[in-house]
Amino acid sequence: MTYQELLAGYESQKKTIASLQEQLASLYKLIHGFKSERFLQEIDLEQLSLFAEATTIVEEPNQETITYTRDKKKHQGRNALPEHLPVREVIIEPEEDTTGLIKIGEEVTETLEYTPASLVKKKTIRPKYANKDGDGILIAQLPSRPIDKSIAEACLLAHILVSKYVDHLPFYRQIQMFKRDFGWEPAGSTMSDWMAGCCRLLEPLYNVLKQKILTSGYIQTDESPIKVLDSDKKGSTHQGYQWVYHDPIQKLVLFNYRKGRGQHGPKELLASYSGYLQCDGYTVYDKIGTAPNITLAGCLVHARRKFHDALDNDKTRAQKALAIFREIYKEEQQIKELANDDVKKIKTLRLEHIQPLLQKIRDWITEEQYNVLPKSAIGKAMTYFVNQYHKFENIFLDGNIQLDNNLIENSIRPMAIGRKNYLFCGSHKAAQNAAILYSFFGSCKMKNINPREWLADTLEKLPDHSIQKLEELLPGYQEKITT
């Protein structure tokens, strides 16, 4: 073997070892937890003046003692209790005789009590009357209920579903709580049937929500895995995906379950869509973006995250990129404050202040990318940024477009927490039912609406509501009309 061949083999093994070391570091993070993505600057000596009025340093041969003084901050005090809470007054008179004394005032102390939720047995009584002519009986008609012949009223169904999909309590835990607090133990299969019945009722409204989002000219999208029991594979689970579509302008969210992560699902759903689609660098989105009616916009958070992950690999270069990203988001915050929701002004200011910073990262990568290993973490971060740059430029086409997909990641987060509690869905149908509920609860969260109150009211109205006017039941519709 020649010297050149030995040298080539050595370089190849060196690259392989470096790549394996990075994979090991990533695996270590998965096992022991990720560091915060917050990029902290190194503290320099000048920063001491932020908290120290006077600093004294006493040096000894091998030790130094640092003392400082600072202003004592005044405590802001306890937060005021909400005014809408019901009040129970308790008056405590002095033990001494107050006859003939003049009341000069009173001391009021506010504390909080907790009253547990209660189950109420509702009896609907319908008197029966015999007709005068003896022909037939007169009796009032039962009001419609969300699930026909079920004992569960809309408010109970709303409580159960919100407890599971917002508060992350699996059915079996709720059953334990019902038994402990009220001596009532519903079957798990009954609660599952109630959920399925509610979703059948909500499905037409879910389709209206879907169409509402697709009429928007700007959608953010992402996907998240979910385990599903597969009837064809005994004892094993199937890896399904919840595809999430968020309309930041109307503040609506749509979850759509698919069995796989391929392009079929999103391509089918977005077939009639026309507008901006903001996404990460997953290749499926690139294929969807070839449609002439769709313009892809990139996500700066995904690009920034790759440089953050490269800190252990190449701290100097990673910190340089992260410093520019920090400057970008600082500018964005100032732009949002100055523009006051004026999208034309946002677009103009971004072109002036943010676009040059992105170009600065691109130019820096052009100079540095051949000085790093392509398969290293910093190399992959640079390659990702360059490959996504044309999507980043599309952010500047419209002031409505966000710099990143953080809003949609916030929508997915409750599902990720829920996964840890109930682990998997019982079937593909159950996964799509979960998608229906996550869609409405996510939309309620975006609009700052109480999901339990919205769902109870909607389940109450749906059985008798006109199918032509279903849009009226979407979260926030009434608020939109009144404003």
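This report walks through a predicted protein model, from its overall make-up to a few helices and loop residues.

Some ground rules come first. Residues are numbered from 1 along each chain as its sequence is written. Because the model is predicted, local features need pLDDT of at least 70 and side-chain atom pairs count only at pLDDT 80 or more, while totals for chains, interfaces and linings use all residues; side-chain values use heavy atoms, with hydrogens and water left out.

**The whole protein**

The protein has 15 helices and 9 strands. Both are DSSP runs numbered from the N terminus: helices are H or I with at least four residues, strands are E with at least two. Of the 483 residues, 37% are buried. Here buried means under 20% relative accessible area, exposed means over 50%, and partly exposed is in between, using a 1.4 Å probe and protein chains only. Now take contacts (heavy atoms within 4.5 Å) between residues at least 6 apart in sequence: 63% of them join residues at least 24 apart.

**Helices α8 and α11**

Let's start with α8, residues 315-339. Its 25 residues reach 36 Å from the first C-alpha to the last, close to the 36 Å expected at 1.5 Å a residue. The expected span is 1.5 Å times one less than the number of residues in the helix. Buried residues of α8 include A318, L322, F325, I328 and also the charged-class E331 and E332. For that class scheme, Ala, Val, Leu, Ile, Met, Phe, Trp, Tyr, Cys and Pro count as nonpolar, Asp, Glu, Lys and Arg as charged, and the others, Gly among them, as polar. The buried residues of α8 pack against α7 (300-309), α9, α10 (355-368) and α11.

That brings us to α11, residues 377-394, where 18 residues should span 26 Å and the end C-alpha atoms are indeed 26 Å apart. α11 also bends by about 50° at Q388, the bend being the angle between axes fitted to the seven residues ending there and the seven starting there. Q388 is itself buried, as are A377, M382, F385 and F392, among others in α11.

Y384 also sits in α11 and is buried, with a relative accessible area of 14%. What does Y384 touch, leaving aside its neighbours within four places in sequence? The answer is D280, G281, H302, A303 and K306. A303 lies 81 residues from Y384 along the chain, yet their C-alpha atoms are separated by 6.8 Å.

**Where α2 meets α4**

Two packed helices are described by the angle between their axes and the distance between the axes. For α2 (residues 154-165) and α4 (residues 188-214), the axes come within 11 Å and cross at roughly 100°. That makes α2 roughly perpendicular to α4. Axes are lines fitted to C-alpha atoms, for helices over the stretch in contact, with angles from 0 to 180 degrees between N-to-C directions. Under 35 degrees counts as roughly parallel, over 145 as roughly antiparallel, 65 to 115 as roughly perpendicular and the rest as oblique. On the α2 side, L156, L157, I160, L161 and Y165 meet M191, W194, M195 and C198 of α4. By class, this contact has 9 nonpolar, no polar and no charged residues.

**Loop residues with positive phi**

Most residues other than glycine have a negative phi. Here are two that don't:

| Residue and phi | Loop | Relative accessible area |
|---|---|---|
| K149, near 65° | between β4 (137-139) and α2 | 75%, exposed |
| D341, near 70° | between α8 and α9 (343-353) | 69%, exposed |

N340, which follows α8, has a positive phi too, near 55°.
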